[in-house]
Each structure stands twice: as C-alpha cells, then as structure tokens.
Amino acid sequence: RTVYVNGKYVPENEASVSIFDRAFLFADAVYEVTSVLEGKLIDFHGHMTRLERSIRELGINFTVDSDALLAIHRELISKNNITEGLVYLQVSRGAASDRDFMFPASDVEPGLVLFTQAKSLIKSAAADRGLKVASFPDQRWRRCDIKTVQLLYSSLVKNEAAKKGADDAWLVLDGKVTEGSSNNAYIVDENNTIITRELSNDILHGITRKAILQCAAELDLKVEERAFTIAEAQKAKEAFITSASSFVYPVVEIDDVKIGEGTPGPIAKRLREIYIEANL
Ligand code: PDD
C-alpha cells in the first residue's frame with residue numbers, strides 16, 4: 001500500500017512519525033473514515049465539515065482545505081486501486097520536542113496521515129446475517145461528539161463483546177443507549193417509528209446517521225430522536241447500526257435476547273438498499 005504522511009506518498013513500510021507525536025503520547029489527534037464505492041468517495045464534504053469541527057473544538061492548528069484533502073484522498077484511491085473500501089485520515093496536534101502536557105508552541109506543524117483500506121462494503125456477511133450486540137457501561141470521556149483517536153475503551157468493549165460471542169458493543173449511559181463502539185444505534189418500534197439518540201456531546205454525529213435519517217424521510221418513516229433503554233431495544237421490532245464502514249447493519253440480538261424474529265428486519269434492509277443505491 002501507498003500511504004500519505006506529512007506531505008509525502010510513501011510505501012507503508014517506509015512511513016514514519018516522531019515518537020513525540022502527540023497522537024502517540026496523548027491521543028491528541030482527530031480522524032475521519034470516508035467510504036469508497038466504485039472508486040468514489042461517499043459524503044466527503046460531510047466528513048470534512050465534521051473534521052473541521054473536531055479540530056476547532058480541540059484548538060489544533062490545522063486548516064481544513066477540502067480541495068487539497070480531496071486530491072490526496074483521490075490520489076491514494078488511485079495509487080492503491082481502491083474500488084470499494086475506506087480512506088482513513090488523521091490530523092494530530094503534531095510532534096513537540098519533548099513529552100509535555102502543555103500544548104506545543106504554535107509553530108509546531110500539525111501531523112497529517114492518510115491510508116486506504118480495501119473492504120467489501122456492498123456484499124457483506126454481517127449485513128446478511130445481522131449482528132449480535134452486548135451492552136457495556138459507557139465509560140468514555142464525555143466529548144464523544146469530537147472524533148478523537150482516543151479509542152481504547154471502544155476497542156476494549158468490542159473485545160469483551162467478542163468474548164461473550166457478540167459482534168459489537170452497545171454503550172449505556174445513565175440507563176440509556178448512547179451508541180455502538182464505532183457506530184450509531186437505532187431501534188424500530190411497533191409503529192415502524194425509527195428511534196435513535198438525539199445529537200449531543202454523548203455521541204458522534206454520524207455522517208451516515210444524517211443520510212439514513214434522510215432516507216427514512218423519503219420512505220415516509222417516522223423518526224424520533226430520543227434515548228432508549230436496552231430493555232426497550234430488546235422488545236423492539238428491529239434494531240440496526242450505521243457507520244461509514246458498515247452503512248447499515250441489522251442487529252438481531254441484544255444481550256442474548258432476540259430482536260423480533262432474530263433475523264434482519266425489513267426496514268434495516270430497505271434503508272441499506274436505498275442508501276447504497278443513492279451512492280452508486
Ligand atoms: N466510526 N459513533 C462512533 C463512536 C463512531 O466511531 C462512528 C464512526 C460513528 C458513525 O459515524 P459515521 O457515520 O460518520 O461513520 C458513530 C468510524 C467508521 C471508525 O471509527 O472506524
């Protein structure tokens with residue numbers, strides 16, 4: 001693979017960053033993951049707008065130049081022959097001359113890293129089968145609206161979920177589901193109303209979430225943006241998740257309780273289909 005590191009395209013085994021990079025020492029970096037279908041980026045501008053906000057919230061000295069970043073994304077897609085997959089972009093506050101909790105002086109260059117991941121997004125065993133999820137307390141920091149690389153807790157619970165035979169983790173704060181380990185969470189009630197937590201600092205404002213809620217409106221499905229409990233989810237007709245790397249995956253089991261028939265629900269399937277159609 002060719003990757004991009006601070007102005008250069010290099011083979012992945014030749015790429016390097018400083019051990020004093022604050023991404024490495026303090027998780028002081030933000031990122032975006034944008035999906036690619038038929039070689040084309042999905043919702044690129046939405047991802048860049050969110051990147052800009054993450055950078056602003058943390059006061060990182062990096063100007064988001066969408067055109068320049070688009071050119072790098074496209075160059076990597078082309079160099080690595082990506083027809084279906086993901087582009088990962090990370091902006092770090094940069095490498096200070098030593099480890100220091102204080103931010104470095106403003107002349108320290110921020111770090112920019114991008115790489116591609118080939119992945120089959122349309123054909124997906126997880127989409128066909130549906131996911132089993134297990135719930136865990138949401139013990140992340142309380143600024144989940146900022147897309148930082150501080151992903152240790154999410155990674156930990158995903159591994160704990162796997163130990164329980166589940167595919168992913170749903171996080172619970174004050175008795176209500178916030179989101180999945182790396183995706184937004186939804187349920188469908190008996191009136192076919194889609195329920196998903198309202199936007200706040202407790203969840204990432206998913207780019208796919210926004211697109212899927214638009215798809216739901218086109219299908220004349222009602223949407224309620226509010227928090228729900230695991231018990232409510234277990235009694236729901238359907239459940240599903242969304243993210244750039246999954247689009248829509250049905251959820252068929254929560255904490256060992258089957259959702260509906262225990263098979264992917266028609267609304268999740270339909271939303272997945274129209275989202276993919278809209279982006280082909
Ligand atoms: N994750 N919530 C969290 C905590 C996430 O990490 C993500 C994305 C989402 C969905 O956001 P979007 O629809 O914009 O992808 C929600 C990416 C894909 C990742 O970490 O790989």
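How many Å apart do the C-alpha centres of domain 1 and domain 2 lie? They lie 26 Å apart. The legends below refer to a predicted model.

**View 1. The protein chain is divided into two parts, domain 1 and domain 2.** Domain 1 runs over residues 2–118. Domain 2 covers 125–278. Between their C-alpha centres there are 26 Å.

**View 2. Domain 1 touches domain 2 through 18 of its residues.** Domain 2 brings 11 residues to this contact. On the domain 1 side, three elements each give at least two residues: strand E3 (29–37), helix H2 (44–58) and strand E5 (85–92). Strand E3 has the largest share, with seven residues.

**View 3. The side of domain 1 that touches domain 2 mixes nonpolar, polar and charged residues.** Eight residues there are nonpolar. Six are polar. Four are charged.

**View 4. The protein chain holds eight helices and 15 strands.** Consider contacts between residues at least 6 apart in sequence. Of these, 70% join residues at least 24 apart.

**View 5. The C-alpha atoms of the protein chain fill a box of roughly 55 × 40 × 35 Å.** The box is taken along the principal axes. What radius of gyration would a compact globule with 280 residues have? The value would be near 19 Å. The protein chain has 19 Å, so the two agree.

**View 6. Some residues of the protein chain count as buried.** Their share is 38% of the 280 residues.

Conventions
Residues numbered from 1 in each chain as written. Predicted model: local features only at pLDDT ≥ 70, side-chain atom pairs only at ≥ 80, totals over all residues. Domains from an automatic or database assignment. Contact = placed C-beta atoms within 7 Å. Helix = DSSP H or I, 4+ residues; strand = E, 2+ residues; numbered from the N terminus. Nonpolar A, V, L, I, M, F, W, Y, C, P; charged D, E, K, R; others polar. Rg over C-alpha atoms; globule rule 2.2 N^0.38 Å. Buried ≥ 20, exposed ≤ 12 C-beta atoms within 10 Å, placed from the backbone.
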